Amino acid sequence: MTTADRPLRIPIEGTDGVSALLTRPSGATALLVLAHGAGADMHHSFMAEVTAAFVERGLAVLRYQFPYTELGQRRPDRQPRLVATVRAAVAEAARVAEGLPIFAGGKSMGGRMTSHAAVDGGLAPARGLVFLGFPLHPAKAPAVTRADHLPRVQLPMLFVQGTRDELAERALIEPVIAGLGARARMYVVEDANHAFAVRKTKGFDPAAVLPGIAEAVVGWIAEVLR
């Protein structure tokens, strides 16, 4: 049984705050604080569908807006405000978690900002981070400088990456993750691009992608909590 989305308001200094939705199934095992990507918001179809897949497997989800999407704008806020929003969302999650262990992450930019928030222990009480398509570099501009801060993140990390991700070439992202040691792991989605779209013409089933991601994330969280 799943409770309906519970609307929340997260206070952010210097703004009117942002909206959030908490979806919690009965018997939930953990709570994932999930940020959206740069070109979307918490209502985007990917965010809604991946939330449903997580909830179906016993994982509660708190998804939220950044200040710029709360205002209906397209241009992302500067990094300090994005990071502050991530930390405020995790603090709100701690307030409403009712004892559930907390994990944090997001799609693309949302995941990257979550990783910045977690540098040097800055995202307590999160127990681990989940990146759904970590954007290692801009499209057609391969580089690894966006990963320079990751060694300062001491939490367990799960990277969910497509093999055709145009924002994270496989030859670059794999060594980055390997360099983080035992605290980092990658779940590979074969043939998926940055949006986790796969090609039927190549024999891949689009309907299997989100269930596979959800199984991987829920399984990894269970391992972290053991």
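**Group meeting: pockets, cavity and ring pairs in a predicted model**

The largest pocket is lined by 20 residues, and those that lie nearest its centre are G37, A38, G39, S108 and H194. A pocket here is, on a 1 Å grid over the protein atoms alone, an open set of points with protein on both sides within 12 Å along at least five of seven lines, a cavity is a set of points where a 1.4 Å probe fits but cannot get out, and lining residues have an atom within 4 Å of a point. This is a predicted model, in which local features need pLDDT of at least 70 and side-chain atom pairs count only at pLDDT 80 or more, while totals for chains, interfaces and linings use all residues. Residues are numbered from 1 along each chain as its sequence is written, and side-chain values use heavy atoms, with hydrogens and water left out.

To stay with the pocket, its volume is about 300 Å³, where a volume is the space filled by probe spheres set on the points, which are joined across faces, edges and corners. The elements that give two or more residues to the lining of the largest pocket are α1 (45-56) and α4 (109-117), helices being DSSP runs of H or I with at least four residues and strands runs of E with at least two, numbered from the N terminus. By class, this lining has 10 nonpolar, 7 polar and 3 charged residues; Ala, Val, Leu, Ile, Met, Phe, Trp, Tyr, Cys and Pro count as nonpolar, Asp, Glu, Lys and Arg as charged, and the others, Gly among them, as polar.

Turning to the enclosed space, there is 1 cavity of 30 Å³ or more, and the largest cavity has a volume of about 40 Å³. Its lining includes Q161, R170, E174 and M186, and at least two lining residues come from each of β7 (157-162), α5 (170-178) and β8 (184-189), with α5 giving the most, 3 residues.

Next, the aromatic side chains, for which the count comes to 7 pairs, a pair being rings of Phe, Tyr or Trp (its six-membered ring) with centres within 6.5 Å, stacked if the planes are under 30 degrees apart, edge-to-face if over 60 and tilted for the rest. The rings of F46 and F196 have their centres 5.9 Å apart and their planes at 15°, so this pair is stacked. Because F46 lies in helix α1 and F196 in the loop between β8 and α6 (209-225), the pair ties together parts that are 150 residues apart in sequence. F46 counts as buried at 10% relative accessibility, and F196 is buried at 5%, where buried means under 20% relative accessible area, exposed over 50% and partly exposed in between, with a 1.4 Å probe and protein chains only. The rings of F131 and F159, by contrast, are tilted, with centres 4.8 Å apart and planes at 55°; F131 lies in strand β6 (residues 129-132) and F159 in strand β7, and both F131 and F159 are buried. Ring pairs also link Y64, F66 and Y68 into a cluster.

Finally, the chain as a whole has 6 helices and 8 strands. Its radius of gyration, taken over C-alpha atoms, is 16 Å, close to the 17 Å that the globule rule gives for 226 residues, so the chain is as compact as a globular protein of that length, the rule being 2.2 Å times the number of residues to the power 0.38. Of those 226 residues, 53% count as buried.
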